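User: Please take one part of this model and look at it closely with me. I'd like a single connected account that I can follow while turning the structure on screen.

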Amino acid sequence: MKERAFITLTNGFKDKLYRLAKRLLVSNEEAEDATQEILLKLWRNKTKMAEYKNVEAFAMTMTKNYCYDKLKAKETGNLKIVHSNYKDERPSLQRQVEAKDSLEWVGKIMDGLPEQQRMIIQLRDIEQYNNAEIAEMLEMNETAVRVALSRGRKTIRQELLKKHNYGVG
Amino acid sequence: MELAKLEKLLDKYFEGETTLSEEKELKVYFTGESVPSHLERYKDLFQFFSEESQVTASSEISLNANTNKVPWYTWIGVAASIALIVGLFMTNILPGSDPGKGPLLVMEGDLGTIEDPELALQKTKEALDLVASLMNEGKKDLVYLNEFDTAKKELVYLNEFETAKNKLIK
């Protein structure tokens, strides 16, 4: 496979890899590193690429495993994930400070979810994969995906409700 | 969308039972303007989802980071050194290529022998003179050794002891 073909193939989903990595690792830089690493791994194994049924799903699985490894390494190393990108630097920031704040709040709620639920919500609600695809990517069965999805969504709802009530009262 | 249907859809959504297209409907609805106030709180959620799906990596990801590409100019250095080494050896290996001159770097058997006897004599003399002059120069410093001789002469008086001793033995 030529480099050009590989790039056009991966361009279709490399942002999804990045977003998944970012969801798990939180830090922009680490997510970029992870994406780069995954794409390089794919590129090195390009000869085997034809064997994979679904390169995209495979890459997602790789990303998940890579991020898990990273997170585990951090835990054992007793390190906290250090990042400074809770704030979004887009120019519209000034105009919609309040709206942004509440969106960030949702992001924080999501970061508080268990990793699996976080990933499933990311893949389902943001990337819009169906449950079968998610099950394949995360190496789970579909029912488990649905249950985790529902749990994650309900937790978010609860947290939103709390916040909303504080806001009102 | 009517409210009753919407609320039912939301319930289904939190049970994880909505289809992707239903979820899209929800997303469209909640990112729109007219959301009833008691459902306002879900606006953030769906807005968050649709915004997050636009996030992209800020730095371009490159494939060539370490695909083992060595820049072409490093090979020039390698080629130059090989050429140099081969060049040096070739002049040694192929002495017959220029019979008049002989090999350039071979020194064996060539000890600077001079065929003309006159010249040889002169050269030898020069060489010996050089050695002699250096010798004389070195010898000058040895003058101090004469002090030993003079000191030894003084010790002659010690013989007096000997003679006196001999007398006593008798």
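Analyst: Happy to. One definition first: a helix axis here is a line fitted to C-alpha atoms over the stretch in contact, and the angle between two axes runs from 0 to 180 degrees, taken between N-to-C directions. Please also keep in mind that this is a predicted model.

Let's begin with helix 2 of chain A, which spans residues 14-25. Its axis lies 10 Å from that of helix 6 of chain A (residues 115-126), and the two pack at an angle of about 150°. Angles over 145 degrees count as roughly antiparallel, and helix 2 of chain A and helix 6 of chain A are therefore roughly antiparallel to each other. Their crossing is right-handed. On screen, you can pick out the helix 2 side of the contact at A:Arg19, A:Leu20, A:Arg23 and A:Leu24. Helix 6 of chain A answers with A:Glu115, A:Arg118, A:Met119, A:Gln122 and A:Ile126. By class, that contact holds four nonpolar, one polar and four charged residues.

Now look at A:Lys16, which also sits in helix 2 of chain A. Is this lysine buried or exposed? A:Lys16 counts as buried, because 21 C-beta neighbours fall inside 10 Å, where the cut-off for buried is 20 or more. One residue to find from there is A:Met60: the two are 44 residues apart along the chain, yet their C-alpha atoms are separated by 8.2 Å.

Follow the chain out of helix 2 and you come to A:Val26, in the loop between helix 2 and helix 3 (28-44) of chain A. Its phi is near 70°, a positive value in a residue other than glycine. Most residues other than glycine have a negative phi. With 16 C-beta neighbours inside 10 Å, A:Val26 counts as partly exposed.

Helix 2 of chain A also leads us to the other chain. B:Thr56 touches A:Asp15 and A:Tyr18. This threonine lies in the loop between helix 3 and helix 4 (72-93) of chain B. B:Thr56 is exposed, since 9 other C-beta atoms lie within 10 Å.

Stepping back to the whole contact between the chains, 33 residues come from chain A and 23 residues from chain B. On the chain B side, the elements giving two or more residues are helix 1 (3-14), helix 2 (20-31) and helix 3 (40-52) of chain B. Helix 3 of chain B gives the most, with eight residues. By class, this side has eleven nonpolar, six polar and six charged residues. The predictor gives the complex an ipTM of 0.75 and a pTM of 0.59.

Two of those chain B elements also pack on one another. The axes of helix 1 of chain B and helix 2 of chain B come within 11 Å and cross at roughly 120°, and these helices are therefore oblique to each other. This crossing is left-handed. B:Leu6, B:Leu9 and B:Tyr13 of helix 1 meet B:Glu22, B:Glu23, B:Leu26 and B:Tyr29 of helix 2. That gives five nonpolar, no polar and two charged residues. As for the chain around them, chain B has seven helices and zero strands, and buried residues make up 7% of its 170 residues. Its average pLDDT is 79, with 81% of the residues scoring at least 70. Where pLDDT is low, the predicted coordinates should not be read in detail.

Finally, back to helix 6 of chain A, the partner we started with. Its axis and that of helix 7 (residues 131-138) of chain A come within 10 Å and cross at roughly 140°. That makes helix 6 of chain A oblique to helix 7 of chain A, and the crossing is right-handed. A:Met119, A:Ile120, A:Leu123 and A:Arg124 in helix 6 meet A:Ile134, A:Met137 and A:Leu138 in helix 7. By class, this contact has six nonpolar, no polar and one charged residues. A:Met119 is worth highlighting, as it is listed in the contact with helix 2 of chain A and again in the contact with helix 7 of chain A.

Key
Residues are numbered from 1 along each chain as its sequence is written. Chains are lettered from A and ligands numbered from 1 in the order in which they are written. This is a predicted model: local features need pLDDT of at least 70, side-chain atom pairs count only at pLDDT 80 or more; totals for chains, interfaces and linings use all residues. Helices (H or I, at least four residues) and strands (E, at least two) are DSSP runs, numbered from the N terminus. Angles under 35 degrees count as roughly parallel, over 145 as roughly antiparallel, 65 to 115 as roughly perpendicular and the rest as oblique. A crossing is left-handed if the near helix is turned anticlockwise from the far one by less than a right angle, and right-handed if clockwise. Two residues are in contact if their C-beta atoms, placed from the backbone, lie within 7 Å. Ala, Val, Leu, Ile, Met, Phe, Trp, Tyr, Cys and Pro count as nonpolar, Asp, Glu, Lys and Arg as charged, and the others, Gly among them, as polar. pLDDT is the predictor's confidence in each residue, from 0 to 100. A residue is buried if 20 or more other C-beta atoms lie within 10 Å of its own, exposed if 12 or fewer, and partly exposed in between; C-beta atoms are placed from the backbone. Lists of a residue's contacts leave out its neighbours within four places in sequence.
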